[in-house]
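Thank you all for coming; I would like to spend a few minutes walking you through a structure that is new to most of us. Please have a look at the sequence and the model first, and then we can go through some parts of it together.

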Amino acid sequence: MSDELVTDHDLSRANTLGLPCIAERFAAPTSVPALRERLHYAARQGLPVTVLGGGSNLILPERLPGLVLQPALDDWWLEERSDRVLVHAGAGVNWHALVMALAAGGLWGIENLALIPGHCGAAPIQNIGAYGVELCDVLEAVHLIHMDDARERELTPGECGFGYRDSIFKHELAGRVVITRLVLRLSRTPRPRLEYGDLANRVGVAPTALQVAEAVCQVRHEKLPDPAQLGNAGSFFKNPLVSREVADRLLSDYPELPYFTQPDGRIKLAAGWLIERCGLKGWRRGHFGVHDRQALVLVHFGGGSASELLEFAAAVAGQVAERFGVELEREPRLAG
Ligand code: EPU
């Protein structure tokens, strides 16, 4: 990585879907001052700015105009407090590497979020979550820079508008800020969360944080395709949140439908189940397919484009809507 500004930069290896993409201009600033300088440059030139993290939750077009910035702020450090440990992690830190390092150091809080691909800077955008834990459960602060005037700011979790796979960074602040650093609140006191799926069966009675993280890696390896082998962006759709009435109607026809009641009374349905029930698990058309072990994941076999992927996804969502009357919402964001 370097602060250098390059033109016609190939991003096909910088997105886990493996979509072909050329960035008109690209820079990977290694410090906050370098990042601000690039933002000033884009503002002076009137260039649109796209921020790229690990490219694991993004659908890239074949050509991205303007300036693509991939913050390479990849340092992290601990701040010991009496009752907790604060972890400061730069936006460019690899999320999974951080989880494993902290779990190995006996710190509890994010071990259930092992093996989620991507960089720390992207984690608050979709409020990453897995196996009963969400980022917002352990987040202390988000540091960011406003794109228009390079102003620095620190947001509290309450200001981030977190929800299921949702945050202010997908709404009011979408395309307006660059996240530079996260502060996480971890603990040295063991507090394993093993309620989800069969996690409890995979570890002993008093597991270490590292053992829990390793069990999570095992489950993910079994179900989810490795982007290095097969292009994908994890879950392609969100699990839909429906009213109690809609859920009751579906449950009377399909009593085996998995569902999870939310604190606000709405019901979260398992989109993977709905897709599988349409007979689409393992379905392939052209360069894309529905993963054969987890129907919520769409995979790219190579040679396809963003528009073909969106058409394929619309065909999947269309069948679910027709059969169950439930709309599926896309999870990865569209760039450009
Ligand atoms: N299911 C099926 N068929 C499938 C997939 C799932 O019937 O092909 C059923 C399962 O049997 C289970 C239920 O659906 O009863 C839930 O499945 P699973 O535990 O695999 O989780 P998910 O709801 O499909 C969500 C997250 C994942 C996360 C897991 C575990 C979303 C959009 N996805 O998937 O996150 O790893 O829970 O917590 O919420 C991601 O966001 O990229 C991601 C992988």
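Let me begin at the ligand, where a polar side-chain atom of Arg165 lies 2.7 Å from an oxygen atom of the ligand, and where Tyr164 likewise places a polar side-chain atom 2.7 Å from a ligand oxygen. I should say at once that this is a predicted model, and I would ask you to keep that in mind with every distance I mention. Around the ligand there are 22 residues in total, and the closest of them are Tyr131, Tyr164, Arg165, Tyr196 and Glu276. Arg220 also takes part, with an N or O atom of its side chain 3.4 Å from an oxygen atom of the ligand.

Arg220 leads us to helix H4, which covers residues 209-223. This helix has 15 residues and spans 22 Å from its first C-alpha to its last, which is close to the 21 Å expected at 1.5 Å a residue. Which residues of H4 are buried? They are Ala209, Val212, Ala213, Ala215, Val216, Cys217, Val219 and Arg220, so the arginine that approaches the ligand is also on that list. In a helix of this kind, there are 3.6 residues a turn, so residues three or four places apart point the same way. As for what lies over the buried residues of H4, the cover includes helix H2 (95-104), strand S8 (129-130) and helix H3 (199-202).

Let me now turn to the sheet. Five strands form an open sheet with antiparallel pairing, and their order is S6-S7-S12-S10-S11. At the edges we find strand S6 (76-80) and strand S11 (152-155), each of which pairs on one side only, and the twist from one strand to the next averages 20°.

If we start from the S6 edge, S6 and S7 form a hairpin with four residues between them, and five bridges join S6 to strand S7, residues 85-90, in an antiparallel arrangement. Within this pair, Trp77 has His88 in S7 as its bridge partner. Further along, seven bridges join strand S10 (residues 139-146) to strand S12 (residues 177-186), and these two strands also run antiparallel; here Leu139 stands opposite Leu184 in S12.

Finally, helix H1, residues 32-45, packs on the sheet, where it touches S10, S11 and S12, and its direction makes about 40° with that of S10.

Note on methods: Residues numbered from 1 in each chain as written. Predicted model: local features only at pLDDT ≥ 70, side-chain atom pairs only at ≥ 80, totals over all residues. Heavy atoms only, no water. Pairing = 2+ DSSP bridges. Axes fitted to C-alpha atoms, helices over the stretch in contact; angles between N-to-C directions. Contact = heavy atoms within 4.5 Å. Expected span 1.5 Å × (residues − 1). Buried < 20%, exposed > 50% of the residue type's maximum accessible area, 1.4 Å probe, protein only. Near = heavy atom within 4 Å. Polar contact = N/O pair within 3.5 Å; in protein donor to acceptor, adjacent residues only side chain to side chain.
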